[in-house]
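Visitor: I'm new to reading protein models, and I'd like a tour. Could you put it on the screen and let me ask things as we go?

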Amino acid sequence: MPIKLENVGIAVRDLEAAIAFFTDLGLSVLGRDTVSGEWTDTAVGLDGNHARIAMLQTPDGNGRLELFEYLHPEAIETQPTLPNEIGMHRVAFSVENLDEALAIAARHGCHPLRGVATYRDIYRLTYLRGPSGIIVMLAEELRKT
């Protein structure tokens, strides 16, 4: 059976702030909607499901993020995950210029968890806290192919 990754979904507390962060990094908004009704209750498994959503895409067209802000039921605040916790904890992006990407992130109040590291002279990379506490990995390839 062929399988293809469609998107990664991320619940956020402020949809507009999350869109601004990811579009400033270079993603584009494919579409926006407000969803509710029986079909969303069934698909998501929440009664009275009502959310504002936005689908974003990477410039190469291969990666998509679906961001959603719950209107009902009320969003539940949780502690941001740590890099070593089991489960989904980060979204990763390749960038052409890590310093430029970090400057963009800083304008949104987002900074590296510790600093920038170099992996085997292949990548410069870092983890940072994005909007709603999302861990975002940014990596710049040093050996351009």
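Visitor: Which residue has a backbone oxygen 2.7 Å from a polar atom of the side chain of Thr126?
Guide: Keep in mind that this is a predicted model. Thr126 sits in strand E7, and its neighbours beyond four places in sequence include Pro112, Gly115 and Val116. One of these offers its backbone oxygen to the Thr126 side chain at 2.7 Å, and that residue is Gly115.

Visitor: Is Thr126 buried or exposed?
Guide: Look at what surrounds the residue: Thr126 is in contact with Leu98, Leu102, Val136, Met137 and Leu138, among others. Its relative accessibility is 2%. The cut-off for buried is under 20%, so Thr126 counts as buried.

Visitor: In what order do the strands of the sheet with E7 come?
Guide: Let's build it up from the pairs. E7 is joined to E6 (residues 117-119) by three bridges, antiparallel, and to E8 (residues 135-141) by seven bridges, also antiparallel. With E5 added, this is an open sheet of four strands with mixed pairing, in the order E5-E8-E7-E6.

Visitor: Why is one side of E5 and of E6 left without a neighbour in the sheet?
Guide: Strands in a sheet pair through backbone hydrogen bonds. E5 (90-94) and E6 each have a single partner strand, so one side of each has no neighbour in the sheet. From one strand to the next, the twist averages 30 degrees. The reason you asked for is that E5 and E6 stand at the edges.

Visitor: Which residue in the turn between E7 and E8 has a positive phi of about 60 degrees?
Guide: There are two hairpins to look at here. The E6 and E7 hairpin has three residues between its strands, with Arg120 in the turn at a positive phi of about 50 degrees. The E7 and E8 hairpin has five residues between its strands, and the one in the turn at about 60 degrees is Ser132.

Visitor: Which residue in E8 is the bridge partner of Leu125?
Guide: Leu125 is in E7, where it stands opposite Ala117. Towards E8, the bridge partner of Leu125 is Ala139.

Visitor: Which helix packs on this sheet, touching E7 and E8?
Guide: Follow residues 98-107, which form a helix. The direction of this helix makes about 10 degrees with that of E7. The name you want is H3.

Visitor: What is the strand order in the sheet that has E1 and E2 at its edges?
Guide: E1 (8-11) and E2 (28-36) each have a single partner strand, so each has one side without a neighbour in the sheet. E2 pairs with E3 (residues 50-57) through eight bridges, antiparallel, and Val29 stands opposite Leu56 in E3. The pairing across this open sheet is mixed, and the order is E1-E4-E3-E2.

Visitor: At about what angle does H1 run to E3?
Guide: H1 covers residues 15-24 and lies across E2, E3 and E4 (64-72). Its direction relative to E3 comes out at about 5 degrees.

Visitor: How many residues are in the largest nonpolar core?
Guide: In soluble globular proteins, nonpolar side chains tend to be buried together. Here, Phe22, Leu67, Val136 and Leu138 have the most contacts inside the largest core. Phe22 touches Leu27, Leu56, Leu65, Leu67, Phe93 and Val136, among others. The size of this core is 27 residues.

Visitor: Which residue joins its side chain to that of Thr40 in a polar contact of 3.4 Å?
Guide: Thr40 is in helix H2 (residues 38-44), and at 2% relative accessibility it counts as buried. A polar atom of its side chain lies 2.9 Å from the backbone oxygen of Gly37. The side-chain partner at 3.4 Å is Asn49.

Visitor: Is Pro59 buried or exposed?
Guide: Pro59 is in the loop between E3 and E4. Its C-alpha atom is 6.8 Å from that of Gly26, although the two are 33 residues apart along the chain. The cut-off for exposed is over 50%, and at 71% relative accessibility Pro59 counts as exposed.

Visitor: Which residues does UniProt list for "domain: VOC"?
Guide: The name comes from an unreviewed UniProt entry. The listed span is 20% helix and 38% strand, with its end C-alpha atoms 25 Å apart. It covers residues 4-141.

Conventions
Residues numbered from 1 in each chain as written. Predicted model: local features only at pLDDT ≥ 70, side-chain atom pairs only at ≥ 80, totals over all residues. Heavy atoms only, no water. Pairing = 2+ DSSP bridges. Contact = heavy atoms within 4.5 Å. Axes fitted to C-alpha atoms, helices over the stretch in contact; angles between N-to-C directions. UniProt positions renumbered as here; feature names shortened; annotations may be inferred. Buried < 20%, exposed > 50% of the residue type's maximum accessible area, 1.4 Å probe, protein only. Polar contact = N/O pair within 3.5 Å; in protein donor to acceptor, adjacent residues only side chain to side chain. Core = buried A, V, L, I, M, F, W, Y, C linked by side-chain atoms within 4.5 Å.
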